[in-house]
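Here's a quick walk through one protein chain, written for someone who likes to have the geometry spelled out. Have the viewer open while you read.

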Amino acid sequence: MSENKGVLQGFKEFLMRGNVIELAVAVVVGAAFTNIVNAVVKGVINPIIGALGSQNLDNYKSCLSFSCHPDKKTGQFTDGIYILWGSVLSAALTFLITAAVVYFLMILPMNKWKARQDAKKPADDTVADPTEVELLIEIRDALIAQRNGALPSSSTSATVVSQKSPQ
């Protein structure tokens, strides 16, 4: 029974973290936004592209075989293999418009806001730790100085302690 309480408690904490709620809101807003983009593509973009032919991009298709014959009553093709490139073009336009709106109305302003927030933060005045190469150079200089009987000329607090071996 304690495992169930642990699992349920963990699930409750996961739900209350805030990320799940934000994700749910994003999905709902995204679904509503998709409807707007689809309406713009169907109502504005498709007619502009359709000025070259049919206003419905779904009607644009190409036949791969030579036996493509339309039905005289409906105008629909009854045989042959077709590539429905108009539907693909419509979906690609929907994707591009959605990506552009998300980038220019959400991502770009958020990046600029984050950059302003980072610029407002005080600069870190602490001295950065020396790199491995700098530490090795200091050790080398200290060993050379110890061999020559002089003190190391390093400006850091690194000192080398000499030990004499018992004889």
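What follows goes from the overall layout to a pair of packed helices, and then to two single residues.

**The overall layout**

Keep in mind that this is a predicted model. The protein chain has four helices and two strands. Read from the N terminus, the elements come in the order α-α-β-β-α-α. How much of the protein chain counts as buried? Of its 167 residues, 10% do. As for contacts between residues at least 6 apart in sequence, 32% of them join residues at least 24 apart.

**Two helices, side by side in a table**

Here are the basic numbers for α2 and α3.

| Helix | Residues in helix | Span, first to last C-alpha | Expected span | Bend |
|---|---|---|---|---|
| α2 (19-50) | 32 residues | 43 Å | 46 Å | about 35 degrees at Val41 |
| α3 (85-120) | 36 residues | 51 Å | 52 Å | about 40 degrees at Tyr103 |

So much for the table; now for the reading of it. α2 reaches 43 Å, which is close to the 46 Å expected at 1.5 Å a residue, and there is a kink centred on Val41. α3 likewise comes close to its expected value, with 51 Å against 52 Å, and its bend of about 40 degrees sits at Tyr103.

**How α2 and α3 pack**

Two packed helices are described by the angle between their axes and the distance between the axes. For α2 and α3, what are the angle and the distance? They pack at about 125 degrees, with their axes 9 Å apart. Angles of 65 to 115 degrees would count as roughly perpendicular and those over 145 as roughly antiparallel, and α2 and α3 are therefore oblique to each other. Their crossing is right-handed.

Which residues meet there? On the α2 side you'll find Phe33, Val37, Asn38, Val41, Ile45, Asn46 and Ile49. On the α3 side, the partners are Leu89, Ser90, Leu93, Thr94, Ile97, Thr98, Val101 and Val102. An α-helix has 3.6 residues a turn, so residues three or four places apart point the same way.

Now for burial. In α2, the buried residues are Phe33, Val37, Val41, Asn46 and Gly50, and α3 is part of what covers them. Val41 turns up again here: this buried residue is also where the kink is centred. In α3, the buried residues are Gly86, Ser90, Leu93 and Thr94, and their cover includes α2.

**Two residues to click on**

Try Gly30, which is found in helix α2. Gly30 is partly exposed, with a relative accessible area of 27%. Gly30 and Val102 are 72 residues apart in sequence, but their C-alpha atoms are 9.8 Å apart in space. Val102 is one of the α3 residues that meet α2.

Then jump to Leu64, in the loop between β1 (62-63) and β2 (82-83). Is Leu64 buried or exposed? Its relative accessibility is 57%, and anything over 50% counts as exposed, so Leu64 counts as exposed. Leaving aside neighbours within four places in sequence, Leu64 is in contact with Ile81 and Ile83. From Leu64 to Tyr82, the C-alpha to C-alpha distance is 5.9 Å, across 18 residues in sequence.

How values were computed. Residues are numbered from 1 along each chain as its sequence is written. This is a predicted model: local features need pLDDT of at least 70, side-chain atom pairs count only at pLDDT 80 or more; totals for chains, interfaces and linings use all residues. Side-chain values use heavy atoms; hydrogens and water are left out. The expected span of a helix is 1.5 Å times one less than its number of residues. The bend at a residue is the angle between axes fitted to the seven residues ending there and the seven starting there. Buried means under 20% relative accessible area, exposed over 50%, partly exposed in between (1.4 Å probe, protein chains only). Contact means heavy atoms within 4.5 Å. Axes are lines fitted to C-alpha atoms, for helices over the stretch in contact, and angles run from 0 to 180 degrees between N-to-C directions. Angles under 35 degrees count as roughly parallel, over 145 as roughly antiparallel, 65 to 115 as roughly perpendicular and the rest as oblique. A crossing is left-handed if the near helix is turned anticlockwise from the far one by less than a right angle, and right-handed if clockwise.
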